[in-house]
Amino acid sequence: MVANSLCKRVSLILTLTLSACSSQNHLPPLGIGKPIQEEYLRNWNIDVGPTGAGLPAGSGSAATGEPLYQQQCASCHGNKGQGAIANRLVGGGNLNTDKPIKTVGSFWPYPTTLFDYIKRAMPYQAPQSLSNDQVYALSAYILYLNNIIQKDDVIDAKTLPLVKMPNRDGFIPIE
């Protein structure tokens, strides 16, 4: 008797749940938002892979990136990338410690990730406002501050993927 009553209750709950789910599929639109335009999607198709796939035309060096960094980045990341209100970008040292400091120079495995992140999200108050040349120059300056490239090295879509990051072999590849 108890089992029969329990089965009826479970059956009723399932029926009500399925009924509620199927009726939600027939609700009219809420009238918020707007349809996305293809051009808007194209503007966000800016991902860059570890091999450099997706890097755009342009170039820059640390020498050209330094004044731009002071203007666009130093107020948040410190005048030499040491960190301020935003994360530290430079240094970090050994990661095999109890409290490793993960920076671009100590942790990031690919230099192309730096370009991708700056292009997509920086400066914080105006993401995607930097030109490709500016992003290459800022990437070069941050790599230079981490003693990974020389100040006059020019990086572009061909040379950036060739930069060997100190922690490149610190990750297990997913195949």
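Reader: Which residues of helix 3 are buried?

Author: This is a predicted model, where local features need pLDDT of at least 70, side-chain atom pairs count only at pLDDT 80 or more, and totals for chains, interfaces and linings use all residues. Residues are numbered from 1 along each chain as its sequence is written, and side-chain values use heavy atoms, with hydrogens and water left out. Buried means under 20% relative accessible area, exposed over 50%, partly exposed in between (1.4 Å probe, protein chains only). In helix 3, residues 62–72, the buried ones are A62, G65, L68 and Y69.

Reader: Why do they lie on the same side of helix 3?

Author: Take the directions from the helix axis to the C-beta atoms. P67 and Q71, on the other side, are exposed. The buried residues share a side because they cover an arc of only 120°.

Reader: How is the pair of Y69 and Y141 classed?

Author: Ring centres of Phe, Tyr and Trp (its six-membered ring) must lie within 6.5 Å; planes under 30 degrees apart are stacked, over 60 edge-to-face, the rest tilted. Y69 and Y141 stand 5.2 Å centre to centre, with 50° between the planes. That makes the pair tilted.

Reader: Which helices does this pair link?

Author: Helices are DSSP runs (H or I, at least four residues), numbered from the N terminus. Y69 and Y141 are 72 residues apart. The pair links helix 3 and helix 6.

Reader: Is Y144 buried, exposed or partly exposed?

Author: Y144 joins Y69 and Y141 in one aromatic cluster. Y141 is at 0% relative accessibility, so Y141 is buried. Y144 has a relative accessible area of 28%, so Y144 is partly exposed.

Technical notes. Helices (H or I, at least four residues) and strands (E, at least two) are DSSP runs, numbered from the N terminus.
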